[in-house]
Amino acid sequence: MLARGPGFSNGHPPRPRRGRPRGLRDSYRGLLQQQEPPSARPCTEFDKAYFHAYSHIGVHEEMIKDHVRTGTYKAAIMQYQNLIEGKVVLDVGCGTGILAIFCAFAGARRVYAVDASEIALQDVNIEENVDVIISEWMGYMLLYETMLPSIIFARDKWLKPGGLILPSHATLYMAPVTHTARYSESIDFWRDVYGIKMSAMLPLAKQSAFEEPCIETITGENILTWPLVVMEVDCYTIIVQELESVTAKYRFSSMLNAPLHGFAFWFDVEFNGPAISPSNNHLQFPSGSLSSDQHSQSSSQSKKRVKSDETIVLSTAPEDAPTHWQQTLLYLYEPIELKQDQIIEGSVTLTQSKENARFLNIHLEYSSGGRSFIKESVMR
């Protein structure tokens, strides 16, 4: 639900320090008139600016016009109409309320549509448990902007046992990429500027272009290997502590002779109902997020999580239809020339920034051809 408003050059969103922060609403303040439990963190000046960003209609227009995003949510709501009809629904971070309206069309008895930004003006007081929680909480690289804790908060405080959460699961992927055109556009330009050698600008150009994560659209042709699962999220069981730091080890084998320019990250979300045991009618939630060791051991590098034919999936993968999330690229300062079957290995760690919990620190270690490197980035 990260979006770009009007007037952004080249279609790319500005960093929050330059103006409107990217991202979603948050339910810690969106669930208005409720006394927050001690575990809910206080609202900071970053939060206030973040919430205010969503008072601009252009942000919501951009998200609603993302047909992949909005159409998938509508399809999921209609698929689970039997669990929504006549029930109480909570839309966390509702924005203009389009998802809440879809739920009303599906026959919901009551819909609480809550938001912390000024786009939603009606304060609410929730004095009952709800049957369904729906939200569009995903950020760039899945975790940026830290809205998932809001869903966990709402789930633990208001969701009835056996309730439905949409979306229910999420998976973050990464893969090495080659992107010669992008590198040339940003760096090689300085080697010959109208016949003038300005190669002294190259270090500054590399830092400026590749210091921070880039939000761009790439294609399957840029991907050098099968992707790795960095983390999996089960919205029915995940706890906040699991989001504070995520580490995954990787070992890729290049399918091509090509320069390695960086790593791409993208995500899928699934819309699954809670599992019910026929024998005792009790909930049997799927297991929670895998630990980093489990990821490295199972290394489901070439396989996505098994899904039934009826599972509705919203994908931001390079080979699928583009969305406003695009993909997140971590570019290297210096490309590495790879041979086919050459190994690239290392680890990636994602942590909440101490500067601002909505920011994402990225620690990337990578080795190939006998050379090892470390790249530190902050998604602001």
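**Exercise 1. In which sense do strand β3 and β4 pair, and over how many bridges?**

The structure is a predicted model, in which local features need pLDDT of at least 70, side-chain atom pairs count only at pLDDT 80 or more, and totals for chains, interfaces and linings use all residues. Residues are numbered from 1 along each chain as its sequence is written, and side-chain values use heavy atoms, with hydrogens and water left out.

Step 1. Fix the terms. Helices (H or I, at least four residues) and strands (E, at least two) are DSSP runs, numbered from the N terminus. Two strands pair if DSSP finds at least two bridges between them.

Step 2. Read the pair. Strand β3 covers residues 130-135, and with β4 it forms four bridges in the parallel sense. Within this pairing, V132 stands opposite L164 of β4.

**Exercise 2. Place β3 and β4 in their sheet, and find the helix that packs on the sheet.**

Step 1. The open sheet has four strands in the order β2-β1-β3-β4, with parallel pairing. Its edge strands, β2 (110-114) and β4 (159-166), each pair on one side only.

Step 2. On average, neighbouring strands of this sheet are turned by 20° against each other, direction ignored. For such angles, axes are lines fitted to C-alpha atoms, for helices over the stretch in contact, and the angles run from 0 to 180 degrees between N-to-C directions.

Step 3. Helix α6 (residues 98-105) packs on the sheet and touches β1 (88-92), β2 and β3. Contact here means heavy atoms within 4.5 Å. The direction of α6 makes about 175° with that of β2.

Step 4. List the covered residues of α6. A residue is buried under 20% relative accessible area, exposed over 50%, and partly exposed in between (1.4 Å probe, protein chains only). In α6 the buried residues are I98, L99, A100, F102 and C103. Just after α6 comes G107, with a positive phi of about 100°.

**Exercise 3. How many residues of helix α7 are buried?**

Step 1. Helix α7 spans residues 148-158, and nine of its 11 residues are buried.

Step 2. Name them. The buried residues of α7 are L148, P149, S150, I151, I152, F153, A154, R155 and W158.

**Exercise 4. Describe strand β9 and its partners.**

Step 1. Strand β9 covers residues 258-271, and 14 of its 14 residues are buried.

Step 2. Take the partners in turn. With β5, β9 pairs in the antiparallel sense over nine bridges; here A175 stands opposite A264 of β9. With β11, the pairing is again antiparallel, over seven bridges, and G262 has Y331 as its bridge partner in β11. With β10, four bridges are found and the strands run antiparallel; E270 has V313 as its bridge partner in β10.

**Exercise 5. Which residues other than glycine have a positive phi, and are they buried or exposed?**

Step 1. L142 has a phi near 70°, and this residue is found in the loop between β3 and α7. L142 is buried, with a relative accessible area of 1%.

Step 2. Q326 has a phi near 55°. Its place is the loop between β10 (312-315) and β11 (327-338). Q326 counts as buried at 12% relative accessibility.

Step 3. Turn to another backbone feature. A cis peptide bond, with omega about -5°, joins L166 and P167. P167 is found in the loop between β4 and β5 (169-177).

**Exercise 6. What is the volume of the largest cavity?**

Step 1. On a 1 Å grid over the protein atoms alone, a cavity is a set of points where a 1.4 Å probe fits but cannot get out; lining residues have an atom within 4 Å of a point. Grid points are joined across faces, edges and corners, and a volume is the space filled by probe spheres set on the points.

Step 2. The count comes to three cavities of 30 Å³ or more. The largest cavity has a volume of about 100 Å³. Of its 13 lining residues, L143, Y144, T146, L243 and Q352 are the closest to its centre.

Step 3. Sort the lining. Ala, Val, Leu, Ile, Met, Phe, Trp, Tyr, Cys and Pro count as nonpolar, Asp, Glu, Lys and Arg as charged, and the others, Gly among them, as polar. The lining of the largest cavity has 11 nonpolar residues, two polar and no charged.

Conventions. On a 1 Å grid over the protein atoms alone, a cavity is a set of points where a 1.4 Å probe fits but cannot get out, and a pocket is an open set with protein on both sides within 12 Å along at least five of seven lines; lining residues have an atom within 4 Å of a point.
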